[in-house]
Amino acid sequence: MTARRIVPAIAVALLVLLAAGKPVSAEQVLLRHKFFPPRDLVYDFWASGTATISGSALPTPARQQKPSGRQVVQQTVNGCLVARIESVDGDGNGTVTLELGRLGIEMSAMGQSAHVTLDPAQSTIEADGEVMALAELQQVLRWLEACKLTISPRGKVLAISVPGPVPIQPPRGGLLPLMLRPERWEKLLEATPAWLPQRPVQVSDRWGVRMAIPIPGGFAGQPANISVRYTLERIGQIEGNRIARIGFEGGMTQSGISVPVPRGPTRGPAARNLQLALDEKFSGQLYFDLDSGQLRSARGNITMTVQLQSTQTQEQSEAGQQPVPDFQTEFNLHFEVFPGKA
């Protein structure tokens, strides 16, 4: 090959390499939620997970002669959620209410299985073929449906409006009554930033959010730090709509949470010596409809490890206090969210 032919060939090869190195799309897009009332966004969801629980005081299946100290729980959940856009203000902030549809739960553990179906429309729970009507369930569902969220175009929940106190009386102490208090929700919303980027992005651009979630109640410990990183992976089309595929990954690690142990039947001071540690990682993909300005679908995986250990001192042991059982749970979950039928 002559020199005249070699030079053009090299130039063509360089152009091919440069073109291959460019991103799939150099288009810049401004990711924003859009609210067009009245409109119902219907989502079907499915999740399947396995929890492996190990500890010093676990029950043993009857067919096992020796305690294994380990149990496996499998669970599958499927249901429907409706996000109803009721109004939008001059700044583009939308008012949204949520409505839960039919929910099915399959669970198996220790050689036994159970099937539970929650029907909000009828306010009934069906467990293994037995149907129960619950008046309290109907009151709670109506209360939840009357709650209103105000969401900004960048996806931050600005405010929550509730129709009054929760219409149930949960037992005193523990996390349940704390999570049912609207003032707790407001503190959580204040700590949660907008998830969409401030500026336009193109394929391969990244952005992230960090938040510190306070530990509720009297549990000691620093706030739980959560970080999420997003990446615009691709811009394409699904059923004629422009869709941005956004990858996400993140996690949360928190240790040193002191959990009070209730006083036992024997005499002696309560042993406040349980330490809780959490380690959570998650990743997946979000499919955001650029034309409608709303999430179209999502899929991902969550891995969580929860450790609850006793730090009982020698003095407490000598005083006759029973040792507190220790537990460790490893939970793996895969979930999918996709468009449902109105």
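This is a short talk on the cores, the aromatic cluster and the unusual backbone spots of one structure.

Okay, let's start. A caution before anything else: this is a predicted model.

Core packing, then. The largest nonpolar core has 37 residues. Leu31, Tyr230, Leu232 and Ile246 have the most contacts inside it. Which strands feed it? At least two residues each come from β1, β2, β9, β10, β11, β12, β13 and β14. The top contributor is β10, with six residues. As general background, nonpolar side chains in soluble globular proteins tend to be buried together.

Look at Leu232 in particular. Set aside its neighbours within four places in sequence. Leu232 still touches Val29, then the run Val201, Gln202, Val203, Ser204 and Asp205. Trp207 is on the list as well, and so are Ala244, Arg245 and Ile246.

There is also a second core, separate from that one. It has six residues, among them Cys147, Ile160, Val166 and Trp185.

Now the aromatics. The count is three aromatic pairs. Take Trp195 with Tyr230. That pair is tilted, with 5.4 Å centre to centre and 55° between the planes. Trp195 sits in the loop between α4 and β9, while Tyr230 is in strand β10. They are 35 residues apart, so this pair links distant parts of the chain.

Next, Trp207 with Tyr230. Is this one stacked or tilted? The ring centres are 5.8 Å apart and the planes meet at 20°. Under 30 degrees counts as stacked, so this pair is stacked. Trp207 is in strand β9 and Tyr230 in strand β10, so the pair ties together parts 23 residues apart in sequence.

How buried are these rings? Trp207 has a relative accessible area of 11%. Tyr230 is at 9%. The cut-off for buried is under 20%, so Trp207 counts as buried, and so does Tyr230. Trp195 is buried too. Put Trp195, Trp207, Tyr230 and Phe288 together and you have one aromatic cluster.

Last topic, the backbone. Where is the cis peptide bond? It joins Pro37 and Pro38, with omega about -15°. Pro38 is in the loop between α1 and β1.

Then two positive phi values outside glycine. Met110 has phi near 55°. Its place is the loop between β3 and β4. Met110 counts as partly exposed, at 35% relative accessibility. Ser204 has phi of about 85°. Ser204 lies in the loop between α4 and β9. And recall that Ser204 is in contact with Leu232.

That's the tour. Questions, please.

Conventions. Residues are numbered from 1 along each chain as its sequence is written. This is a predicted model: local features need pLDDT of at least 70, side-chain atom pairs count only at pLDDT 80 or more; totals for chains, interfaces and linings use all residues. Side-chain values use heavy atoms; hydrogens and water are left out. Helices (H or I, at least four residues) and strands (E, at least two) are DSSP runs, numbered from the N terminus. Buried means under 20% relative accessible area, exposed over 50%, partly exposed in between (1.4 Å probe, protein chains only). A nonpolar core is a set of buried Ala, Val, Leu, Ile, Met, Phe, Trp, Tyr and Cys residues joined through side-chain atoms within 4.5 Å. Contact means heavy atoms within 4.5 Å. Rings of Phe, Tyr and Trp (its six-membered ring) pair if their centres lie within 6.5 Å; planes under 30 degrees apart count as stacked, over 60 as edge-to-face and the rest as tilted.
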